[in-house]
Amino acid sequence: MLNLINEIPVPVLERMHQLEQQDAKERADGVAQIKRLRQIPPETGVFLAQLALSAPEGTAIEIGTSGAYSSMWIGLAMARRGGKLVTFELLPEKVELARQTLKKAGMEDHVELVHGDARGHLKDYDEISFCFLDAEKEMYGEFYELVAPKLVPGGLLVADNVISHAEDLEDFIEMARQDVSMDAAILPVGKGLLVTSNRY
């Protein structure tokens, strides 16, 4: 059985390192936000993998693939569970980068990459057990309303950047906190994670 922290396959580690270097360079070079990777830090990846591993049975999805860095972390958990992550990415150039990532990392059997707007695909997925949301911040509320009703009991919806973008996400955070069907907590992991769990 794979130890998610200490026994990550070498091709996955190598690709993670490549993306970490690319992300750091793009940030240092001042590449425009919409064009750069905008990926999670490693500590967030570890935490997401652990959450995905502990989620109930059901479909695991990710909204916002970018270079598939977070997809690899969640995919490791799904591989251990014998399942697969479905990840959605809208931008063609990032879809191509993600495809390269999954191929080089040997993760194609554990991560299904869907090119397109997740809003047009979510109707095809029910009994969602885990969702990682890391897309355009102004769309968080809309995605929450699409995903939350589809969560299985105990299902998790995790949103990134809720501390780093607290002002932009204020309405979204309040909406999640006021949802009587969900338990919600903000955790200071990486750039801040909102972790919500379906009560019913």
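Which residues does lysine 150 touch, not counting residues up to four places away in sequence?

**View 1. Surroundings of lysine 150 in the predicted model.** Not counting residues up to four places away in sequence, lysine 150 touches Leu122, Lys123, Tyr125, Asp126, Glu127 and Ile128. Lysine 150 itself is found in the loop between helix 5 (140–147) and strand 5 (151–160). A polar atom of the lysine 150 side chain lies 3.4 Å from the backbone oxygen of leucine 122, a residue that is also among those touched by lysine 150.

**View 2. Pairing of strand 4 with strand 5.** Strand 4 (residues 128–133) runs parallel to strand 5, and the two pair over 5 bridges. Isoleucine 128, which lysine 150 touches, has leucine 151 of strand 5 as its bridge partner.

**View 3. The open sheet and its edges.** The sheet is built from 7 strands in the order 3-2-1-4-5-7-6, with mixed pairing. Strand 3 (111–115) and strand 6 (182–187) each have a single partner strand and stand at the edges, so one side of each is left without a neighbour in the sheet. From one strand to the next, the twist averages 15°.

**View 4. Helices 5 and 6 packed on the sheet.** Helix 5 packs on the sheet through contacts with strand 1 (59–63), strand 4, strand 5, strand 6 and strand 7 (193–198), and the direction of helix 5 makes about 170° with that of strand 5. Helix 6 (residues 170–178) also packs on the sheet, where helix 6 touches strand 5, strand 6 and strand 7, and its direction makes about 135° with that of strand 6.

Technical notes:
Residues numbered from 1 in each chain as written. Predicted model: local features only at pLDDT ≥ 70, side-chain atom pairs only at ≥ 80, totals over all residues. Heavy atoms only, no water. Helix = DSSP H or I, 4+ residues; strand = E, 2+ residues; numbered from the N terminus. Polar contact = N/O pair within 3.5 Å; in protein donor to acceptor, adjacent residues only side chain to side chain. Contact = heavy atoms within 4.5 Å. Pairing = 2+ DSSP bridges. Axes fitted to C-alpha atoms, helices over the stretch in contact; angles between N-to-C directions.
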